[in-house]
Amino acid sequence: MFEKLAEVICNYVEVEKENIRPESRFMEDLGFTSFDFMSMLGELEEEFDIEIEQQEVSDIRTVQEAADYLEKLTAEQ
């Protein structure tokens, strides 16, 4: 899941895939804006056919936290 997420991240910010680490923070380290982040979530919902809860997403700060959350959602299907 981390690898796939890293690929999607590269569509939204100018960062090399190999520079994305599990501990990378979306806003502070990768340069995401709130709009970028919400747009990416929409793409992930379509890609994995899942429903992302806005309430739960507000606690996600790092790439690994997002990957863990996506794995949880896809496992529930």
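In this predicted model, the cavity search returns one cavity of 30 Å³ or more. The space inside the largest cavity comes to about 50 Å³. Its lining is made up of Leu5, Phe37, Met40, Leu41, Leu44, Ile52, Ile60, Ala66, Tyr69 and Leu70. Sorted by class, this lining holds 10 nonpolar residues, with no polar and no charged ones. Two helices, H2 and H4 (63–75), each contribute at least two residues to the lining. H2 provides the largest share, with four residues.

The packing of helix H1 (residues 2–10) is a natural place to turn next. Two packed helices are described by the angle between their axes and the distance between the axes. For H1 and H2 (residues 34–48), the axes come within 11 Å and cross at roughly 135 degrees. The two helices are therefore oblique to each other, and H1 passes H2 in a right-handed crossing. On the H1 side, the contact is formed by Lys4, Leu5, Val8 and Ile9, which meet Met40, Glu43, Leu44, Glu47 and Phe48 of H2. By class, this contact comprises six nonpolar and three charged residues, and no polar ones. Lys4 in H1 and both Glu43 and Glu47 in H2 belong to the contact, and Lys and Glu count as charged. Met40 and Leu44, which take part in this contact from H2, also appear in the lining of the largest cavity.

H1 also packs against H4. Here the axes come within 9 Å and cross at roughly 120 degrees, an angle that makes H1 oblique to H4. This crossing, too, is right-handed. Phe2, Leu5 and Ile9 of H1 meet Val63, Gln64, Ala66, Ala67 and Leu70 of H4. The residues of this contact divide into seven nonpolar and one polar, with no charged residue. Among the H4 residues that H1 meets are Ala66 and Leu70, and both of these line the largest cavity.

Leu5 ties these descriptions together nicely. This H1 residue takes part in the contact with H2 and in the contact with H4, and Leu5 is also one of the residues lining the largest cavity. Ile9 likewise belongs to the contact of H1 with H2 and to the contact of H1 with H4.

Definitions and conventions
Residues numbered from 1 in each chain as written. Predicted model: local features only at pLDDT ≥ 70, side-chain atom pairs only at ≥ 80, totals over all residues. Heavy atoms only, no water. Axes fitted to C-alpha atoms, helices over the stretch in contact; angles between N-to-C directions. Parallel < 35°, antiparallel > 145°, perpendicular 65-115°, else oblique. Left-handed = near helix turned anticlockwise from the far one by under 90°. Contact = heavy atoms within 4.5 Å. 1 Å grid on protein atoms, 1.4 Å probe; cavity = no way out; pocket = protein on both sides within 12 Å on 5 of 7 lines; lining within 4 Å. Points joined across faces, edges and corners; volume = space filled by probe spheres on them.
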